[in-house]
Amino acid sequence: MPKTSARLLSLLSLLQARRDWPGALLAERLDISARTVRRDVDRLRELGYPIVAFKGPEGGYRLDAGSDLPPLLFDDEQAVALAVALRIATTTGAGIEEAAARALTTVRQVMPGRLRRRIDMLQITAVGRSAAQPESQVDSGVLMALGAAVHAREVLRFDYASPPGAGDGDPAMTAPRRAQPHHLVTWGGRWYLVAWDLDREDWRTFRADRITPRVPSGPRFTPRELPGGDVAAFVASRFRGSDGSVDWPCRGEVILDLPAAEVSRYSRDGVVEELGPDRCRLVLGSWSWPGLAADIGRFDADIEVVGPAELRDAFAQLARRYANAATGPLGERRQ
């Protein structure tokens, strides 16, 4: 028989894995007697875990939500932070989605009702991260307020700060604003609110770190259908300057004589594959072939074009332009 501490951890893990456990099945899985199961359940209760017994032909146990979190685990704010992080992790594409989803279910199951309601209101869509963009800090209270407005389908009234250097007369940055919030989104380390702007009668993406919600919120609304129906594709197209395109019209592949780690820092949504310590493959998109060639040319390295032919022609076109610029009137005067 395992030591008591190890057995308690195994029992707790089983109780978190499913809602109801018949006592006989727990005893079988742990290879202990039904009496030992009852004693171990009592020990877990003493530690603060809200385990309830249910009657019936196969009487057993259930890990329930209590009035307080079990001691020595997390306080309220830590529990909320953990649940938010796990919710984001379910869409990161890092190969941990299933584990994160199971962990989120476990954390939510033992939360008091007041915390579960807060977490359920915060529905997040995580869109592909761009390493080139800096992260920004958003007050957690603002995120919870935005999440609550999305969940309740209530018109959001808020002040929207102008970006650094923007003029006071910029119509896109005036306040207050009124919008129907639809999705809370992460992109490139920043938080955005996807909403229907009532004053401009169009879809907008608002930087969450520039939003200051006003109280009270507005009336409830009937959600509109997002263009294309997919929030990830919609946000990606907006950041690419498009109103509906899901992918770049021009996409090419090159090999650079640079480490993959260095290229990935500045490749936006490009795909970087390491080919060696100082060599990598880059697949990148843009709105034009010359624009794509110029983007790739900013890497200070030798370039081998894999394809397509349009990208190779664009490099030749830029080479002629740069050569003319170097030997033109300004170049002649400097000689």
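**From helix H1 to the cores**

The face of H1 that is turned away from its buried side carries the exposed residues Ser5, Leu9 and Ala17, where buried means under 20% relative accessible area, exposed over 50% and partly exposed in between, with a 1.4 Å probe and protein chains only. The model is a predicted one, in which local features need pLDDT of at least 70 and side-chain atom pairs count only at pLDDT 80 or more, while totals for chains, interfaces and linings use all residues. Residues are numbered from 1 along each chain as its sequence is written, and side-chain values use heavy atoms, with hydrogens and water left out.

Helix H1 covers residues 4–17, and its 14 residues reach 20 Å from the first C-alpha to the last, close to the 20 Å expected at 1.5 Å a residue; the expected span is 1.5 Å times one less than the number of residues. Buried in H1 are Arg7, Leu8, Leu11, Leu12, Leu14 and Leu15. Seen down the axis of H1, these buried residues fall within an arc of 160°, so they line one face of the helix, the arc being that of the directions from the helix axis to the C-beta atoms.

In the protein as a whole there are 12 helices and 13 strands, which are DSSP runs numbered from the N terminus (helices H or I, at least four residues; strands E, at least two). Of its 335 residues, 39% count as buried. Among contacts between residues at least 6 apart in sequence, 59% join residues at least 24 apart, a contact meaning heavy atoms within 4.5 Å.

One open sheet has 3 strands in the order E1-E3-E2, with antiparallel pairing; two strands pair if DSSP finds at least two bridges between them. Strand E1 (21–22) and strand E2 (51–54) stand at the edges of this sheet, each with a single partner strand, so one side of each is left without a neighbour in the sheet. Between E2 and strand E3 (residues 60–63) there are 4 bridges, and Ile51 has Leu63 in E3 as its bridge partner.

The largest nonpolar core has 31 residues, and those with the most contacts inside it are Leu146, Leu193 and Phe206. Such a core is a set of buried Ala, Val, Leu, Ile, Met, Phe, Trp, Tyr and Cys residues joined through side-chain atoms within 4.5 Å. At least two residues of this core come from each of helix H4 (76–89), helix H5 (97–109), helix H6 (113–121), helix H7 (140–152), strand E5 (156–160), E6 and strand E7 (190–197). Leaving out residues up to four places away in sequence, Leu146 touches Leu156, Leu184, Leu193, Ala208 and Ile211. In H4, the buried residues are Ala79, Val80, Ala83, Val84, Leu86, Arg87 and Ala89.

Strand E6 (residues 177–187) contains His182, which counts as buried because its relative accessibility is 12%. Apart from neighbours within four places in sequence, His182 is in contact with Val150, Val194, Ala195, Trp196, Trp203, Phe221, Pro223 and Arg224.

Another core, of 19 residues, lies apart from the largest nonpolar core and has Leu258, Val263, Leu282 and Ala314 among its members. Leu282 is also the bridge partner in E12 of Val272. Strands E11 (residues 271–276) and E12 (residues 279–286) run antiparallel and are joined by 5 bridges, and they form a hairpin with 2 residues between them.
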